[in-house]
Amino acid sequence: MNILIQKFGGTSVSSNSRRKQVVSKVKKALADGFKPVVVVSAMGRKGAPYATDTLLSLVDDNFKADNRQAVDLLLCCGEFISTVVMCNELNNAGIKSVPLTGGQAGIITDDNYNSAELTDTKPDLIESILAKDIVPVVAGFQGINKDGILTTLGRGGSDTSAAILGVMLKAKEIQIYTDVDGIMTADPRIVHSAERIPAMSYNETFQFAEQGAKVIHPRAVETAMKGNIPLVIKNTMTDSEGTIINSMGYRDSKKLITGITHVAGRVQISIRLRDNTKENYKHILKILGDNNISLDLINIFPNEKIFTIDEKDKDNILNILTSMNMNYTMIEKCCKISIIGSMIRGIPGIVAKIVDALEEKNIDVLQTADSHTTIWCLIKEDNVNEAIQILHDIFL
Ligand code: ADP
Ligand code: MG
């Protein structure tokens, strides 16, 4: 079957006029001879009546902590509504469609409520619907466990649903429709002159997603890569060709840097050696790891260890460091900027150039690190937009 997955994000299904655009994308897929499978997110972004965070705000925090299965049932509602509203719109356009929950579409997961993992797929029902030339409209972000209880797939889950269905149905392509023209050289909300990247490899895209470009979720990229199904990021509101993602990517020899991303909410911790805490100092990184605290930008010196953590882990780490009598300092509200490019390490003096450009504008660089494909620098959150703009002007 000539299957095409078309996933539409929250803004794409948020209003009548946008849903009309969705219908036109589905119509085009049908006219081109594809059998489309539509995947939808909950309608609207943060604050909208059926958006995920609004639903979450309906119940108390202590209830949420102890009732993750119930929370998943609540969270699934936003996508249920979207599927039916979208089917209504397709029906008005004369396109036969049927709404499906994630479980009905064959996404079977483990019991890890709130961030469940795929364990199995059951394509029979959705394949029988496709065989009848009916368009399935699938609720994104959710699955069902082996006992039939609804689960959700965690952040960015609708992208992951689309990728899972693409691999399960051996689709020709997985199209992710959103409100920008594709993956851009920087978040277009920060850098207005950001440009669309025409093509990227799975690996590079994974790096982008992992380092904060929220336009696509890393798990979706990983899933598509494993199944070797091309992913395309497109704009629901335009006819831009989008960004095509496959194993090859695109080599533009003039551009050594592909783009810039960032992750906010980082906290920098520096631990200094003190004679009476030598043993604890030696094992501290392992102890933090054993406590499920994930560390990043780790620099180790004989008398000092510096790293960053997510701010959600702050209280936990402070308790541990205090109880072990560690000598530490902490800088909160930091932001990690990633400058990504497949050849980046080969550029002489690039780290110095980055640091000089930022410091010239009085933006302190708290830490740097580099790999073959990425240079990271840590700055204070207040400076992030300006810093990204400066780096974009220099390199892209
Ligand atoms: P959807 O609701 O369609 O899933 P998201 O909000 O998850 O949309 O992702 C789209 C947003 O990602 C864009 O509006 C854009 O601001 C943001 N974004 C961040 N970095 C990038 C980037 N490098 N390229 C494109 N968009 C980006
Ligand atoms: Mg998204």
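Which residues does UniProt place under the feature "binding site"? The unreviewed entry lists Lys7, Phe8, Gly9, Gly10, Thr178, Asp179, Arg189, Lys214 and Val215. The legends below describe a predicted model.

**Figure 1. Overall view of the predicted chain.**
The chain has twelve helices and 18 strands. Its radius of gyration is 23 Å, close to the 21 Å that the globule rule gives for 396 residues, so the chain is as compact as a globular protein of that length. Taken along the principal axes, the C-alpha atoms fill a box of roughly 75 × 50 × 35 Å. Of the 396 residues, 49% count as buried. Among contacts with a separation of 6 or more, 73% come from residues 24 or more positions apart. The exposed surface amounts to about 18400 Å², and carbon and sulfur atoms supply 50% of it. The chain carries 43 positive and 47 negative charges, and the mean positions of these two sets are 3 Å apart.

**Figure 2. The segment listed by UniProt as "domain: Aspartate/glutamate/uridylate kinase".**
This annotation, from an unreviewed entry, covers residues 3–235. Over that range the chain is 39% helix and 21% strand. The C-alpha atoms at the two ends of the range are 20 Å apart.

**Figure 3. Arg189 and Lys214, two of the residues in the UniProt "binding site" feature.**
Arg189 is in the loop between strand S9 (173–178) and strand S10 (199–201). Lys214 is in the loop between helix H7 (202–210) and helix H8 (218–227). Arg189 counts as exposed because its relative accessibility is 55%, above the 50% cut-off. Lys214, at 63% relative accessibility, likewise counts as exposed. Leaving aside neighbours within four places in sequence, Arg189 is in contact with Arg45 and Lys214. With the corresponding sequence neighbours left out, Lys214 touches Arg45 and Arg189.

**Figure 4. Gln6 in strand S1.**
Gln6 lies in strand S1, which spans residues 3–8. With a relative accessible area of 1%, Gln6 is buried. Not counting residues up to four places away in sequence, Gln6 touches Lys25, Val26 and Ala29, as well as Pro36, Val37, Val38 and Val39. Gln175 and Tyr177 are also among the residues that Gln6 touches.

**Figure 5. Helix H7 and the elements that cover its buried residues.**
The buried residues in H7 are Tyr202, Glu204, Thr205, Gln207, Phe208 and Ala209. Their cover includes S10 and H8, together with strand S12 (243–246), strand S13 (259–272), strand S16 (327–340) and S18. Just after H7, Gly212 takes a positive phi of about 115 degrees.

**Figure 6. Ile375 in strand S18.**
Strand S18, made up of residues 374–380, contains Ile375. Ile375 has a relative accessible area of 3% and is therefore buried, the cut-off being under 20%. Ile375 and Ile337 are 38 residues apart in sequence, and their C-alpha atoms are 8.2 Å apart in space. Apart from neighbours within four places in sequence, Ile375 is in contact with Ile337, Ser338, Ile339, Ile344, Ile350, Val351, Ile354, Ala369 and Asp370. Strand S18, in which Ile375 lies, is also one of the elements covering the buried residues of H7.

Technical notes:
Residues are numbered from 1 along each chain as its sequence is written. Chains are lettered from A and ligands numbered from 1 in the order in which they are written. This is a predicted model: local features need pLDDT of at least 70, side-chain atom pairs count only at pLDDT 80 or more; totals for chains, interfaces and linings use all residues. Side-chain values use heavy atoms; hydrogens and water are left out. UniProt positions are given in the numbering used here, feature names are shortened, and annotations may be inferred rather than shown by experiment. Helices (H or I, at least four residues) and strands (E, at least two) are DSSP runs, numbered from the N terminus. The radius of gyration is taken over C-alpha atoms; the globule rule is 2.2 Å times the number of residues to the power 0.38. Buried means under 20% relative accessible area, exposed over 50%, partly exposed in between (1.4 Å probe, protein chains only). Contact means heavy atoms within 4.5 Å. Accessible areas come from the Shrake-Rupley method with a 1.4 Å probe; for residues, only the protein chains shown count as cover. Lys and Arg count as positive and Asp and Glu as negative; His and the chain ends are not counted. The place of a charge is taken as NZ of Lys, CZ of Arg, CG of Asp or CD of Glu.
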